[in-house]
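This briefing concerns a protein–DNA model and takes up two topics in turn. Please consult the sequence and structure below while reading.

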Number of protein chains: 2
Amino acid sequence: MKEMKIDNIGDFLKSKNIKPSFQRIRIFEYLMNSIEHPTVDEIYKALIGEIPTLSKTTVYNTLNLFIEKRIVHMVTIEENEVRYDADVSDHGHFKCDICGKVYDFKANIIELDTDLSESFIINQKDIFFRGTCPSCSKKN
Amino acid sequence: MKEMKIDNIGDFLKSKNIKPSFQRIRIFEYLMNSIEHPTVDEIYKALIGEIPTLSKTTVYNTLNLFIEKRIVHMVTIEENEVRYDADVSDHGHFKCDICGKVYDFKANIIELDTDLSESFIINQKDIFFRGTCPSCSKKN
DNA sequence: ATTTAGATTGTAATGATTACATTTTTATTA
DNA sequence: TAATAAAAATGTAATCATTACAATCTAAAT
């Protein structure tokens, strides 16, 4: 999910040195408007109706390009499948072990105190919590 | 990697309600002494010499049991394969995008400021950074 | 209009993980 | 101790996400 609104996705992609093909625009748009953190399969299924020639390989290629250009984050919450997030700002993910739902939360990662040497160049910071979400803990 | 030394792994497993079979003891011991965060395949290959009848299914079963009993953490750093860590204390992982090596670092996760409601029950906290490690950035 | 690079597609292969049934080991009871 | 039951380990086969690669299509450039 992206808080900042991008009015013209084509121009945004261009500004990141990405040629704005139709598929790329629609994939980024879908990811931007997703509250969940969709998998490749979910993105593919959501767009195949509108783009009948879309192939899963294109979704993979496009997402890998977006990651390389740093406009999308890979979220390895699940064991088996990778999820994607168009919100590249610092924030955390909470996964409920019961219902499997993933919640976003704000975290002040910049102020996190670590013993990591200055000579490590950090490109991405992820915070990931697991546990039981309020609605599932109520049921027990 | 586990900082705290466990002198008798069998007793330790028993204390966690895990029957200490030979395979389970050896798998936990291997994980405890690993500086890296081995994959299922790495654990299997490391032990097959010593335990020729060991099956990969057993490694999977055992690790899933350890996770359930909270004595091992799943580390989803890689895209494709899950890694495991016998250090369940709060700490972070840094993965170098160039050489792929994973570094542990200390992080004061408890003091991390988040907007997550109190009604979320947190069982596991993970911090994961990506970037370039000192030895790889020197080379460029 | 032609050429060329880039983007998309489909097929097939790879490789991690799980399902499930069978066998082996360990614990329990008579 | 022997018999029985429960738990653990094993092997095979299946599933499914991901990638490799070659072919086709599209769009930009000359």
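In this predicted model, DNA strand D is surrounded by 16 residues. The closest of them are Tyr60(A), Ser21(B), Arg24(B), Thr53(B) and Thr58(B). By class, the surface near the strand comprises 10 polar, 3 charged and 3 nonpolar residues.

**Elements facing DNA strand D**

- Helix H4 of chain A, helix H2 (22-32) of chain B and helix H4 (56-68) of chain B each contribute at least two residues to the surface near DNA strand D.
- The most is given by H4(B), which supplies 3 residues.

**Contacts with the backbone of DNA strand D**

- Sugar or phosphate accounts for 82% of the atoms of DNA strand D within 4 Å of the protein, and bases make up the rest.
- In chain A, a polar side-chain atom of Tyr60(A) is placed 2.8 Å from a phosphate oxygen of DNA strand D.
- In chain B, Thr58(B) has a side-chain N or O atom 2.7 Å from a phosphate oxygen of the strand.
- Thr53(B) approaches through its backbone, where a polar atom lies 2.8 Å from a phosphate oxygen of DNA strand D.

**Packing of helix H3 in chain A**

- Helix H3 of chain A spans residues 40-47, and its buried residues are Val40(A), Ile43(A) and Leu47(A).
- Viewed down the axis of H3(A), these buried residues lie within an arc of 70 degrees and therefore line one face of the helix.
- The buried residues of H3(A) pack against three elements of chain A: helix H2 (22-32), helix H4 (56-68) and strand E2 (83-85).
- H4 of chain A thus appears in both topics: it packs against the buried residues of H3(A), and it supplies at least two residues of the surface near DNA strand D.

Conventions. Residues numbered from 1 in each chain as written. Chains lettered and ligands numbered in written order. Predicted model: local features only at pLDDT ≥ 70, side-chain atom pairs only at ≥ 80, totals over all residues. Heavy atoms only, no water. Buried < 20%, exposed > 50% of the residue type's maximum accessible area, 1.4 Å probe, protein only. Helix = DSSP H or I, 4+ residues; strand = E, 2+ residues; numbered from the N terminus. Arc of directions from axis to C-beta. Contact = heavy atoms within 4.5 Å. Near = heavy atom within 4 Å. Polar contact = N/O pair within 3.5 Å; in protein donor to acceptor, adjacent residues only side chain to side chain. Nonpolar A, V, L, I, M, F, W, Y, C, P; charged D, E, K, R; others polar.
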